[in-house]
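Trainee: Please take one part of this model and look at it closely. Then show me what surrounds it.

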Amino acid sequence: MKILLKGGRVIDPSQGLDQVLDVLLEDGQISTLGQGLSTQGAKVIDCQGLLVTPGLIDMHVHLREPGEEWKETIASGTKAAAAGGFTAVACMPNTKPPNDEAEVTRYILEKAQKEAATRVYPIACITKGQKGEVLTEFGELKQAGAVALSDDGRPVPEAAVMRLALEYAKNFDLPIISHAEELSLSEGGQVNEGLASATLGMKGIPAEGEAVAIFREVMLARLTGTPVHIAHVSTKLGVEIIRKAKKEGLPVTAETAPHYFTLTEEATFGYNTYAKVNPPLRSAEDRAAVLEALADGTLDVIATDHAPHSDLEKEIEFELAAFGLIGLETALPLTLKLVSEGVISLFRAIELLSTNPARILRIPGGTLKPGSPADVTIIDPERKWVVTKEDLHSKGKNSPFLGWEMSGQAVFTIVGGEIVFSRG
Amino acid sequence: MSVLFSQRHLLDITSLTPDDIVSVLDLADSLKEVLRRPIPKVPTLRGKLVTNLFFEPSTRTRLSFEKAAKTLSADTFNFTARMSSVEKGETLLDTVLNLEAMGTDLFVIRHPKAGAPHFIAKHTKARVINAGDGFHAHPTQALLDMLTVRQKKGTLSGLKVAIIGDIRHSRVAHSNIVGFRKMGSEVYVSGPATMLPPEREALGARVCYRLEEALYGADVVMALRVQKERHGRPLFPSLREYAIYFGLNRQRLELAKEDCLLMHPGPINWGVELHPELQNDPRNVILEQVENGVAIRMALLVLLLGGGA
């Protein structure tokens with residue numbers, strides 16, 4: 001099976017490419033890049049005016065399976081991913097039961113094999129039951145298919161336990177992803193500490209709590225020499241610590257999510273539970289610092305932290321409502337918005353959404369080099385659309401962007417040479 | 001009666017205009033006369049059903065709403081979370097929809113979670129009055145406090161209001177800061193710094209770490225109860241030390257204006273935030289606040305339920 005992507009603007013940071021080219025996909029791989037490639041025997045997709053990029057990779061999603069299938073399943077979550085232009089997702093282990101044993105990892109991968117629209121890379125727990133006490137079996141988990149370790153949703157509270165994890169991870173070459181939060185400062189918190197906590201009359205989650213936790217991880221990366229990836233950075237203080245660590249050459253990488261670079265704490269006003277998320281939406285100053293860090297390379301990745309919930313968890317009192325919002329189907333246009341506003345280049349946007357997550361997770365993809373898997377996203381950067389509950393593919397409708405007019409959308413999502421999603 | 005009130009619900013002071021506030025206070029002033037009649041009852045809200053939904057303990061506020069509704073001849077349901085289906089796992093929303101189906105015209109809600117009245121208002125066709133939500137807002141308390149101050153001082157602008165105590169956990173402080181600022185007064189807050197979040201300045205309050213700075217030249221001094229039940233971990237070492245350094249007594253009140261008003265939303269812990277020597281002090285208007293509370297709640301019921309037959 002051959003597919004020829006004809007005349008699109010090919011953007012591939014892994015090869016330094018930004019050029020109008022044809023791309024030939026053959027037998028599930030990228031075969032040739034060039035001009036005026038023969039259409040002989042190939043299904044031709046006219047890509048004039050469209051962007052052709054390495055398949056987007058979301059390294060931080062919650063697929064909720066096993067255990068919370070009313071919120072999302074591997075099938076529905078990856079369908080949403082494909083609709084959003086992602087060809088691969090890495091799913092966090094806070095399922096029920098949590099992914100802290102090889103058996104759960106295998107269950108996820110078997111389900112994905114049968115039902116997923118995209119590639120699925122499981123991330124396993126750092127500690128058993130995410131309790132922060134005893135390390136999981138890193139070797140067995142890796143052998144079962146886990147690509148990284150994280151207790152996401154919770155930090156590893158004790159520095160000594162995190163240190164052990166970073167040391168032991170060296171034996172297995174597994175990246176460690178940190179949910180950086182100082183629990184004793186955030187406990188009971190609902191929204192950003194400051195304007196939002198004052199206005200809404202609820203306990204706040206201080207930015208300093210994130211900074212304290214990030215600083216600890218940086219020190220542990222120094223101590224152990226093991227790479228640490230910081231999830232969902234939301235604060236100026238956190239960004240500054242990471243920037244300094246990178247300057248010193250420490251093995252630290254970091255991601256942020258579209259809601260942190262698009263919204264501020266004011267989105268929670270009126271007790272909007274769809275904007276209740278952890279870390280919380282922060283101040284305008286924090287948002288500005290995150291934008292700057294995306295542009296200057298301090299932040300390596302845009303990941304969604306896609307966290308679907310049903311109305312059972314969201315259409316209730318704010319303080320009882322679950323943390324988390326969905327992001328797979330809005331991440332691409334919100335990133336393209338940064339491009340049109342001149343915050344980052346298109347080239348940089350694809351680095352953040354594809355090249356870098358592949359590199360950090362050490363997974364295939366993130367490139368259009370011949371011989372690589374034919375994971376490709378074709379984007380219409382001008383396509384206008386409005387976010388509505390009805391049109392979202394995720395089971396979760398908890399988006400703070402409902403009603404927003406977006407510009408830009410994936411029109412073809414291709415995984416291993418197969419079109420898994422297309423829009424007319 | 002032609003009054004201007006722009007709201008469908010009373011959820012917090014923030015959403016009121018100064019005109020709204022004046023309308024409520026004016027109406028409350030005139031309704032106070034009804035309460036002093038030999039037979040304090042008027043037929044204004046005959047046939048209306050007011051449901052008091054209380055998910056937290058309350059004495060003054062709940063009985064005050066009940067008295068207000070009964071004086072206006074409305075029917076009342078009194079719901080308390082204990083002894084109800086909430087204990088069987090019924091959600092807040094279902095509880096509200098069921099009581100609406102029984103004909104509730106207005107919900108009065110007190111709830112431990114901030115924003116619960118806002119949540120209900122989104123889902124019911126009935127009117128909603130917030131009778132205290134978490135440590136967010138207590139708008140009827142702020143309105144009755146403003147009524148008391150206006151009656152005594154003749155104005156709500158240009159005053160210095162000092163609020164002393166557990167500012168962090170006080171919905172009364174929150175609503176009074178917003179209310180008095182809206183009407184043109186200055187609000188100073190003070191107390192133990194562990195209960196004095198600096199972000200209260202975002203609401204327009206002046207945060208003082210020296211009690212004297214807040215009290216000096218104040219027209220109104222409001223003491224708050226230490227809300228230990230909301231603290232989790234202890235936020236100050238002992239009640240004894242609290243009383244010594246942050247409790248109000250005659251000597252401390254000397255710093256305020258001679259004719260200052262001493263207020264407290266209740267319940268009071270005598271000997272902690274207020275010295276017992278202030279019980280019969282001429283500056284103490286605490287029981288007048290309580291009487292005004294009934295008048296304010298009557299005014300709100302009339303404004304929200306129309307009062308037409």
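Mentor: I will start at one sheet of chain B and work outward from there.

The model is predicted: local features need pLDDT of at least 70, side-chain atom pairs count only at pLDDT 80 or more, and totals for chains, interfaces and linings use all residues. Residues are numbered from 1 along each chain as its sequence is written, while chains are lettered from A and ligands numbered from 1 in the order in which they are written.

Now the sheet. It is open, has five strands, and runs 7-6-5-8-9 in chain B with parallel pairing. Strands here are DSSP runs of E with at least two residues; helices are runs of H or I with at least four; both are numbered from the N terminus. Two strands pair if DSSP finds at least two bridges between them. Strands of a sheet pair through backbone hydrogen bonds, either parallel or antiparallel. Strand 7 (206-208) and strand 9 (261-263) of chain B are the edges, each pairing on one side only. On average, neighbouring strands of this sheet are turned by 20 degrees against each other, direction ignored.

Look at one pair within the sheet. Strand 5 and strand 8 (residues 220-223) of chain B are parallel and share four bridges. In this pair, B:A162 has B:V221 of strand 8 as its bridge partner.

Next, the helix on the sheet. Helix 6 of chain B lies across strand 5, strand 6 (186-190) and strand 8 of chain B. The angle between helix 6 and strand 6 of chain B is about 155 degrees. Axes are lines fitted to C-alpha atoms, for helices over the stretch in contact, and angles run from 0 to 180 degrees between N-to-C directions.

What leads from strand 5 (160-164) to helix 6 of chain B? A loop, and B:S170 sits in it. B:S170 counts as buried because it has 28 C-beta neighbours inside 10 Å. The cut-off for buried is 20 or more other C-beta atoms within 10 Å; exposed means 12 or fewer, partly exposed is in between, and C-beta atoms are placed from the backbone. Leave aside the neighbours within four places in sequence, and B:S170 is in contact with B:F135, B:L224 and B:Q227. Contact means that the C-beta atoms, placed from the backbone, lie within 7 Å. From B:S170 to B:L143 is 27 residues in sequence and 15 Å in space, C-alpha to C-alpha.

Step back to the domains of chain B. Domain 1 covers 18-136 + 290-305, and domain 2 covers 139-287. Such bounds come from an automatic or database domain assignment. The C-alpha centres of the two domains of chain B are 26 Å apart. Across their boundary, 21 residues of domain 1 of chain B are in contact with 18 residues of domain 2 of chain B. On the domain 1 side, helix 1 (18-35), strand 4 (127-133) and helix 10 (286-305) of chain B give two or more residues. Helix 10 of chain B has the largest share there, with seven residues. By class, that side has eleven nonpolar, six polar and four charged residues. Ala, Val, Leu, Ile, Met, Phe, Trp, Tyr, Cys and Pro count as nonpolar, Asp, Glu, Lys and Arg as charged, and the others, Gly among them, as polar.

Helix 6 comes back at the partner chain. In chain B, 19 residues are in contact with 17 residues of chain A. On the chain B side, helix 4 (116-123) and helix 6 (171-182) are the elements that give two or more residues. Helix 4 of chain B gives the most, with three residues. That side has eight nonpolar, seven polar and four charged residues.

Finally, chain A itself. It has 13 helices and 18 strands. Of its 424 residues, 61% count as buried. Its domain 1 takes in 2-51 + 373-385 + 403-422, and its domain 2 spans 55-361. Between them, 18 residues of domain 1 of chain A are in contact with 21 residues of domain 2 of chain A. Strand 17 of chain A gives the most to the domain 1 side, with seven residues. Strand 17 (residues 405-415) also pairs with strand 18 (residues 418-422) of chain A, antiparallel, over four bridges. In that pair, A:V415 stands opposite A:E418. The two strands form a hairpin with two residues between them, and A:G416 in the turn has a positive phi of about 55 degrees.

Note on methods:
Two residues are in contact if their C-beta atoms, placed from the backbone, lie within 7 Å.
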